[in-house]
Amino acid sequence: MIENSELNVPQDLEKCIKFHGHLCPGLTYGYLVAKEAIRLLDIRRSEDEEIVAMPENDSCAVDALQVLLGTTAGKGNLLLKDYGKNVYTILDRASGRGFRFSRKISCRNDQQDKVLKSKSLLSRPFEEIFSTEEISASMPPYARISPSEPCAKCGELTMADKLRQGQDGKSMCIPCSDS
Ligand SMILES: [Zn+2]
Ligand SMILES: [Zn+2]
């Protein structure tokens with residue numbers, strides 16, 4: 001295990017590594033996208049839902065977006081679309097602007113030279129790694145806040161709009177209605 005201080009990487013990347021657990025090309029892709037989005041949109045870390053990230057994969061990259069952009073799983077401004085595509089869209093609600101970043105190069109995520117590969121990515125120009133496109137996307141709605149009600153079967157509190165109506169007219173949580 002290499003100490004982060006020995007990695008000699010930028011401080012904001014160190015923060016991402018602390019959160020994610022290791023340095024790898026995936027995390028580095030997310031780091032590069034977040035930095036470029038911050039530069040292009042002139043934004044700061046999202047305290048609430050002002051920035052929205054739509055990664056089209058569930059890879060290591062998503063963790064760097066959470067750390068640097070504040071687009072987190074819990075706030076509802078991380079809209080993960082699990083298409084397995086190396087594409088990331090970042091939107092700023094304040095300006096109504098957004099950018100879509102699509103990765104152009106691939107590298108195998110070998111255990112051996114993860115750190116080396118990550119560092120070589122850091123030394124390359126962003127436009128060599130990603131293509132960038134400004135998009136005019138409509139802003140996704142804010143996260144829904146819905147009251148919780150008990151499931152008719154297990155009794156556990158469940159967000160009302162996630163409850164399913166059974167044939168008997170009773171509302172059940174998803175696991176109960178599936179079983
Ligand atoms: Zn990783
Ligand atoms: Zn239930």
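Reader: Which strands does helix 3 lie across, and at what angle does helix 3 run to strand 3?

Author: In this predicted model, helix 3 lies across strand 2, strand 3 and strand 4. Its direction makes about 150° with strand 3. Angles run from 0 to 180 degrees between N-to-C directions, so a value of this kind takes the direction of each element into account.

Reader: What does helix 4 touch in the sheet?

Author: Helix 4 packs on strand 1 and strand 2. The angle between the directions of helix 4 and strand 1 is about 175°.

Reader: What makes strand 1 and strand 4 edge strands?

Author: The sheet is open, with 4 strands in the order 1-2-3-4 and antiparallel pairing. Strand 1 (51-55) and strand 4 (130-135) each have a single partner strand, so one side of each has no neighbour in the sheet. From one strand to the next, the twist averages 15°.

Reader: How do you know that strand 2 and strand 3 pair?

Author: Pairing requires at least two bridges between the strands. Strand 2 (residues 87-92) and strand 3 (residues 97-103) have 6 bridges, in the antiparallel sense. The pairing is therefore established by the cut-off of at least two bridges. Asp92 stands opposite Arg97 of strand 3.

Reader: How is the packing of helix 3 against helix 4 described?

Author: Two packed helices are described by the angle between their axes and the distance between the axes. Here the axes of helix 3 (residues 25-41) and helix 4 (residues 61-69) come within 6 Å and cross at roughly 35°. The crossing is right-handed. On helix 3 the contact includes Gly26, Leu27 and Tyr29, and on helix 4 it includes Ala61, Val62 and Asp63.

Reader: Why do the residues of this contact divide into 12 nonpolar, 2 polar and 1 charged?

Author: The count follows from the classes: Gly counts as polar and Asp as charged, whereas Ala, Val, Leu and Tyr count as nonpolar. Gly26 and Gly30 of helix 3 are in the contact, as is Asp63 of helix 4. The 2 polar residues are therefore Gly26 and Gly30, and the 1 charged residue is Asp63.

Reader: Which elements have the lowest and the highest mean pLDDT?

Author: Helix 1 (residues 4-7) has the lowest, 64, and helix 4 the highest, 98. Where pLDDT is low, the predicted coordinates should not be read in detail. For the protein, the mean pLDDT is 91, and 94% of residues reach 70 or more.

Technical notes. Residues are numbered from 1 along each chain as its sequence is written. Chains are lettered from A and ligands numbered from 1 in the order in which they are written. This is a predicted model: local features need pLDDT of at least 70, side-chain atom pairs count only at pLDDT 80 or more; totals for chains, interfaces and linings use all residues. A crossing is left-handed if the near helix is turned anticlockwise from the far one by less than a right angle, and right-handed if clockwise. Two residues are in contact if their C-beta atoms, placed from the backbone, lie within 7 Å. pLDDT is the predictor's confidence in each residue, from 0 to 100.
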